[in-house]
Amino acid sequence: MPEIALLMGSKSDLPKLQDTIQVFKDFEIDFTVRVMSAHRTPEVVVDFTVNAESNGIKVIICAAGSAAHLAGVVAGHTTLPVLGIPVQGGALNGMDALLATVQMPGGIPVASVALGGGGPKNAGLFAVQILALSNPELAQKLKDTRKMQSDKVIQADKELQEELQS
Ligand code: RP5
């Protein structure tokens, strides 16, 4: 049963969410990915969200661009943790989506990741970190991944020093 739901406002968002999906694959997490829009299919969004907890979902990630209301609407209908991915693109290149996602009113939290760059990947990792609170095996995998990441940087620095000395 999926514990993470990744919702996107449009199928056109999918290419920007590959890093998020890759995290779930890397950590062997059961996840569901859906297209639903706060504007174009609001009833679908509400129906999915009010049933999410009883369907076993523990974290909901919402990705949307432009007037990005998906994360806010979802957060208004659940007490599950909601992460927002502002999607780059459109006339303002995502600045509108960033502000819409991050500037939530008090009482209805949405944890926004960065616009572009590592944002989509970090949304996936953050969701895994939430699940890891009650899953020691997942917690260990996260620690191992961090260690591999650090090792790569240390190795890159070592190689750079060798290049500079040759
Ligand atoms: C948002 O509008 C979607 O999340 C997408 O980023 C943007 C444009 O959607 P399309 O017109 O490409 O379907 O709701």
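Leu92 sits in the loop that connects β4 (82-87) to α4 (95-102). In this predicted model, Leu92 has a relative accessibility of 52% and therefore counts as exposed, the cut-off being over 50%. Leu92 does not stand alone at the surface. Together with Met95, Leu99 and Val102, Leu92 forms a nonpolar surface patch. The four residues of this patch share about 370 Å² of accessible area.

The patch belongs to a chain of 166 residues. The secondary structure of this chain amounts to 6 helices and 5 strands. Read from the N terminus, the order of elements is β-α-β-α-β-α-β-α-β-α-α. Strands and helices thus follow one another in turn up to the two helices that end the series. The C-alpha trace extends over about 65 × 40 × 30 Å along its principal axes.

Contacts were examined next. Among contacts in the chain with a separation of 6 or more, 67% join residues 24 or more positions apart. Buried residues make up 38% of the chain. The exposed surface of the chain comes to about 9,400 Å². Carbon and sulfur atoms contribute 56% of that area.

Charged side chains were also counted. The chain carries 13 positive and 17 negative side chains. The centres of these two sets are 1 Å apart. The number of salt bridges is 3.

One salt bridge pairs Glu3 with Lys58, with an N to O distance of 2.7 Å. Glu3 is located in the segment before β1 (4-8), and Lys58 in the loop between α2 (42-52) and β3 (59-65), so this bridge ties together parts of the chain 55 residues apart in sequence. Both partners are partly exposed. Glu3 has a relative accessibility of 27%, and Lys58 has a relative accessible area of 39%.

Another salt bridge joins Lys141 to Glu28, and the closest N and O atoms are 3.0 Å apart. This pair also links distant parts of the chain, with the two positions 113 residues apart in sequence. Lys141 belongs to helix α6 (residues 136-165), whereas Glu28 is in the loop between α1 (18-26) and β2 (31-35). The accessibility of the two partners falls into separate classes. Lys141 is partly exposed, at 26% relative accessibility. Glu28 is exposed, with a relative accessible area of 65%.

The remaining salt bridge is formed by Lys147 and Asp151, with the closest N and O atoms 2.9 Å apart. Here both residues lie within helix α6. Lys147 and Asp151 are 4 residues apart, about one turn of the helix. Asp151 counts as partly exposed, at 35% relative accessibility.

Helix α6 also contains Gln165. This residue is exposed, with a relative accessibility of 68%. Gln165 was compared with Val110 for distance. The two are 55 residues apart in sequence. In space, 48 Å separates the C-alpha atom of Gln165 from that of Val110.

Methods. Residues are numbered from 1 along each chain as its sequence is written. This is a predicted model: local features need pLDDT of at least 70, side-chain atom pairs count only at pLDDT 80 or more; totals for chains, interfaces and linings use all residues. Side-chain values use heavy atoms; hydrogens and water are left out. Buried means under 20% relative accessible area, exposed over 50%, partly exposed in between (1.4 Å probe, protein chains only). Contact means heavy atoms within 4.5 Å. Accessible areas come from the Shrake-Rupley method with a 1.4 Å probe; for residues, only the protein chains shown count as cover. Lys and Arg count as positive and Asp and Glu as negative; His and the chain ends are not counted. The place of a charge is taken as NZ of Lys, CZ of Arg, CG of Asp or CD of Glu. Patches are made of residues with over 30% relative accessible area and no salt bridge: like charges are joined within 9 Å, nonpolar side chains (Val, Leu, Ile, Met, Phe, Trp, Tyr) within 5 Å. A salt bridge is a side-chain nitrogen of Lys or Arg within 4 Å of a carboxyl oxygen of Asp or Glu.
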